[in-house]
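Me: I'd like to learn how to read the side-chain features of a model. Could you take me through them one at a time?

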Amino acid sequence: MMQELPLRDIHQPPAPPWWPPAPGWWWLAATLLVLLAFAAWWWLRARRRRAAIVRLFDERVRAAATPVERVAAMSELLRRASRRSDPAADRLQGDAWLAFLDGDSKAAPGPFSDGAGRVLLDGGFRREIDEAEAAALLPLARRRYLELMAVRR
């Protein structure tokens, strides 16, 4: 009786189709899209913020008519930006202020303490400043302003 039974090999069910994906894959795709959208929004927001900070510095300095006004504008912007790293930094005076602007360059006197940045001490209060002094201070002050505002270029 056993010999009369037709025996066949085990049949596997057909493989599941690749489309439509399982619900877990849909959730994963939706999560990735949300994360990508958030990352793009964050990046655009940071980019606009950096551009606004750079534009603020450039417009304020450009709006000053004389070299004395330009130095005063740079000094004001640097003091405002210094509050981001140390709330008491904007009240520093004299060489302590210039040393703060030099940052971590403790090995040698920095560009503010021993260079073009010394004009910040009294440049905004002088009657006249040489145009070359203000022009030499501009890239130095701009770079330090962007560092203090934590803008990387």
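**Reading rings, a helix and charges**

Reply: Let's begin with a cluster: Trp18, Trp19 and Trp26 are linked by ring pairs. This is a predicted model, in which local features need pLDDT of at least 70 and side-chain atom pairs count only at pLDDT 80 or more, while totals for chains, interfaces and linings use all residues. Residues are numbered from 1 along each chain as its sequence is written, and side-chain values use heavy atoms, with hydrogens and water left out.

Me: What makes two rings a pair, and how many aromatic pairs are there by this rule?

Reply: Rings of Phe, Tyr and Trp (its six-membered ring) pair if their centres lie within 6.5 Å; planes under 30 degrees apart count as stacked, over 60 as edge-to-face and the rest as tilted. The count here is seven aromatic pairs. Take Trp19 and Trp26: their ring centres are 5.7 Å apart and their planes lie at 70°, so this pair is edge-to-face. For Phe38 and Trp42 the centres are 6.0 Å apart with planes at 40°, so that pair is tilted.

Me: Where do Phe38 and Trp42 sit along the chain?

Reply: In general, an α-helix has 3.6 residues a turn, so residues three or four places apart point the same way. Phe38 and Trp42 are four residues apart in helix H1 (residues 23–63), about one helical turn. Helices here are DSSP runs (H or I, at least four residues), numbered from the N terminus.

Me: Are Trp19 and Trp26 buried or exposed?

Reply: Use relative accessible area: buried means under 20%, exposed over 50%, and partly exposed in between (1.4 Å probe, protein chains only). Trp19 is exposed at 52%, and Trp26 is partly exposed at 46%. Phe38 is partly exposed at 47%, and Trp42 is partly exposed at 47%.

Me: Which charged residue sits over the ring of Trp42?

Reply: The test is that NZ of Lys or CZ of Arg is within 6 Å of the ring centre and within 35 degrees of the ring normal. Arg45 has its charged end over the Trp42 ring, 5.1 Å from the centre. Arg79 lies over the face of Trp97, 4.1 Å from the ring centre.

Me: How do I read a helix such as H4, and where does H4 bend?

Reply: Start with its span, expected to be 1.5 Å times one less than the number of residues. H4 (residues 131–148) has 18 residues and should span 26 Å; its end C-alpha atoms are 25 Å apart, which agrees. For a bend, take the angle between axes fitted to the seven residues ending at a residue and the seven starting there. H4 bends by about 30° at Leu138, and Pro139 follows within four residues. Its buried residues, including Leu137, Leu140 and Tyr145, pack against H1, helix H2 (67–85) and helix H3 (94–102), where contact means heavy atoms within 4.5 Å.

Me: How many salt bridges does a search of the whole structure find?

Reply: Side chains of opposite charge can pair when their charged atoms come close. A salt bridge is a side-chain nitrogen of Lys or Arg within 4 Å of a carboxyl oxygen of Asp or Glu, and the search finds 10. In one of them, Glu131 meets Arg70 at 2.6 Å, N to O. Glu131 lies in helix H4 and Arg70 in helix H2, so the pair ties together parts 61 residues apart in sequence. Glu131 is partly exposed at 42%, whereas Arg70 is buried at 17%.

Methods:
Helix = DSSP H or I, 4+ residues; strand = E, 2+ residues; numbered from the N terminus.
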